[in-house]
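Please open the structure in the viewer and keep the selection panel at hand. The stops below indicate what to select next and what is to be found there.

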Amino acid sequence: MDRCRLQCYDYPICPDVLKAPREEVAYVTCTYRETCIDQPDFLATIDLNPRSPYYCQMIEPVDVFWKCNKGYLSVVHSLPSGDILIANMGDPAGNGKGGFIVLDGETFELKGNWENECEAPPTGYDFWYQPRHNVLISSAGLVPKRAGRGFNPDDFKKGVFGRRLNVWNLSCRTLTQCFDLGEDSLPLSVKFLHNPDAAEGYVSCALSGIVYRFYKCEANNWAVEEVIRIPAKDVRGWIMPKMPAFTVDLIISTDDKYLYLSNWLHGDIRQYELSKTCKPRLVGQVFVGGSILRGGPVTVCRDEELKCQPEPLVIKCKRVYGGPSKLQLSLDGKRLYVTNSFYSTWDKQFYPTLVKEGSVMLQIDVDTEKGGLTVNKNFLVDFGREPNGPCLAHDIHFHSGDSTSDILA
């Protein structure tokens with residue numbers, strides 16, 4: 001099979017999606033963990049309408065409490081049946097345990113485990129599915145109780161950082177294939193192309209800096225191939241002599257034209273063009289923080305990509321700390337939003353000023369014709385100004401739909 005022969009799809013819904021009304025409201029999950037502020041997690045509502053007097057401001061905070069006996073829940077998607085599927089990272093004690101739970105789509109009552117208990121992977125984090133191919137693919141993540149202590153190089157080669165990509169039969173809820181992506185590779189974000197007929201997608205491995213393409217081949221089997229590799233940087237003044245990119249998030253534009261990566265440690269967001277899905281081409285890059293900024297405690301000794309260390313980012317007189325973590329893209333693909341907190345204990349370890357001053361949410365303007373990324377200097381949501389004190393912002397979702405919430409059936 002020619003792995004490059006899959007065309008760039010123009011599926012019928014694509015033009016309608018691209019012409020959808022501009023997003024006006026974003027919901028951002030926020031936490032006070034590790035900030036020394038005793039307040040519950042909450043959901044922030046952000047005004048995204050440039051004509052509104054409350055542009056870039058929080059409209060209304062809503063407290064969120066989530067209790068489930070299965071343990072550490074992560075990514076959520078609606079199933080074709082209308083029920084809600086939530087990926088799991090661990091058991092109640094914080095030990096690694098993958099799998100999923102199912103909630104009733106109308107009552108939100110817990111229905112139970114989605115998979116057979118004996119088939120729960122050792123770890124879990126993200127997932128995506130394609131109903132027309134009867135497949136669900138999930139990533140590995142990391143062991144919650146070990147991750148909660150911060151990043152420790154001594155955890156390498158001990159099973160703390162996941163290594164598997166799991167392929168499931170969607171209708172039978174059974175595990176059919178597993179791919180070993182390398183010890184301590186840490187596969188996190190996984191996405192199919194949005195075209196409901198497409199039988200391919202991508203998974204980013206945070207610690208190895210590799211993005212794999214997975215695709216369907218003969219006899220309903222799946223295969224993987226490396227398509228992007230972001231080299232680690234030789235450094236001084238850091239916890240290890242080599243600093244990985246640490247790709248936290250991967251998203252794909254709704255027209256399947258571009259793929260975006262957030263590199264939390266190196267500090268950049270990357271845009272790849274997907275006309276050849278087996279050969280993504282880097283067409284845009286912008287630095288919005290990170291650990292290798294000029295004047296910081298880390299010195300880059302050898303860099304295969306950059307000639308000099310990036311300058312710090314200042315927006316509206318505020319220095320931006322932390323690195324790009326969670327991403328969200330407008331339906332028309334022209335505005336990319338980013339928060340800069342990954343995991344509160346890791347934030348405290350690598351970016352203590354971020355925890356002290358609070359997260360920010362930025363907007364990146366996207367050139368959808370030729371490719372290219374530019375920081376919008378007129379947009380800044382400062383979570384350091386919360387009434388209860390600075391907090392840490394994570395996932396972003398739009399009320400009107402976005403590039404990561406909806407799966408086309």
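Begin by selecting Leu-48, which lies in the loop between strand 2 and strand 3. The model is a predicted one. Is Leu-48 buried or exposed? Its relative accessible area is 0%, under the 20% limit, and Leu-48 therefore counts as buried.

Next, display the surroundings of Leu-48. Leaving aside residues up to four places away in sequence, Leu-48 touches Arg-22, Glu-23, Glu-24, Val-25 and Ala-26, and also Tyr-55, Tyr-337, Met-361, Phe-379 and Phe-398. Draw a distance from Leu-48 to Phe-398: the two residues are 350 residues apart along the chain, while their C-alpha atoms are separated by 9.6 Å.

Move along the chain to Pro-50, which is placed in the loop between strand 2 (42-47) and strand 3 (62-63). Pro-50 has a relative accessible area of 40% and is partly exposed. Its contacts, again not counting residues up to four places away in sequence, are Arg-22 and Tyr-55. Both of these residues also appear among the contacts of Leu-48. Which distance separates the C-alpha atoms of Pro-50 and Asn-378? The value is 9.7 Å, for a pair 328 residues apart in sequence.

Now select residues 187-229 to bring up a sheet. It is an open sheet of four strands in the order 12-13-14-15, with antiparallel pairing. Strand 12 (187-192) and strand 15 (222-229) are the edges; each has a single partner strand, so one side of each lacks a neighbour in the sheet. From one strand to the next, the twist averages 25°. Within this sheet, highlight strand 13 (residues 200-205) and strand 14 (residues 210-216), which run antiparallel and are joined by six bridges. Cys-205 can be picked out here, standing opposite Ile-210 in strand 14.

Proceed to a further sheet by selecting residues 247-287. Here the strand order is 18-19-20-21, in an open sheet of four strands with antiparallel pairing. Strand 18 and strand 21 (281-287) stand at the edges with a single partner strand each, so each has one side without a neighbour in the sheet. The average twist from one strand to the next is 20°.

Stay with strand 18 (residues 247-252) and colour it by accessibility. How many of its six residues are buried? Six of the six are, and the strand is described as mostly covered. Five bridges pair strand 18 with strand 19 (residues 258-263) in the antiparallel sense. Two of the pairings may be labelled: Ile-252 stands opposite Leu-259 in strand 19, and Leu-250 has Leu-261 of that strand as its bridge partner. The two strands form a hairpin with five residues between them. In the turn, select Asp-256, where phi is positive at about 60°.

From the sheets, turn to the packing of side chains. In soluble globular proteins, nonpolar side chains tend to be buried together. In this model the largest nonpolar core has 31 residues, of which Phe-246, Trp-264 and Trp-346 touch the most other members. Helix 3 (344-350) and helix 4 (352-357) each contribute at least two residues to this core. A second, separate core has 21 residues, including Leu-313, Ile-315, Leu-336 and Leu-380. Showing the two cores in separate colours makes a convenient view.

Select the cysteines next. A disulfide is a covalent bond between the sulfur atoms of two cysteines. The structure holds zero disulfides. Cys-301 is partly exposed, with a relative accessible area of 44%. Cys-308 has a relative accessibility of 51%, over the 50% limit, and therefore counts as exposed.

To finish, select the whole protein. It contains four helices and 30 strands. Of its 409 residues, 58% are buried. Its exposed area is about 17,600 Å², of which carbon and sulfur atoms supply 49%. Among contacts between residues at least 6 apart in sequence, 56% join residues at least 24 apart. The first stop gave one case of a long sequence interval, with Leu-48 touching Phe-398 across 350 residues of the chain.

Technical notes. Residues are numbered from 1 along each chain as its sequence is written. This is a predicted model: local features need pLDDT of at least 70, side-chain atom pairs count only at pLDDT 80 or more; totals for chains, interfaces and linings use all residues. Side-chain values use heavy atoms; hydrogens and water are left out. Buried means under 20% relative accessible area, exposed over 50%, partly exposed in between (1.4 Å probe, protein chains only). Contact means heavy atoms within 4.5 Å. Accessible areas come from the Shrake-Rupley method with a 1.4 Å probe; for residues, only the protein chains shown count as cover. A nonpolar core is a set of buried Ala, Val, Leu, Ile, Met, Phe, Trp, Tyr and Cys residues joined through side-chain atoms within 4.5 Å. A disulfide is a pair of cysteine sulfur atoms within 2.5 Å. Two strands pair if DSSP finds at least two bridges between them. Axes are lines fitted to C-alpha atoms, for helices over the stretch in contact, and angles run from 0 to 180 degrees between N-to-C directions.
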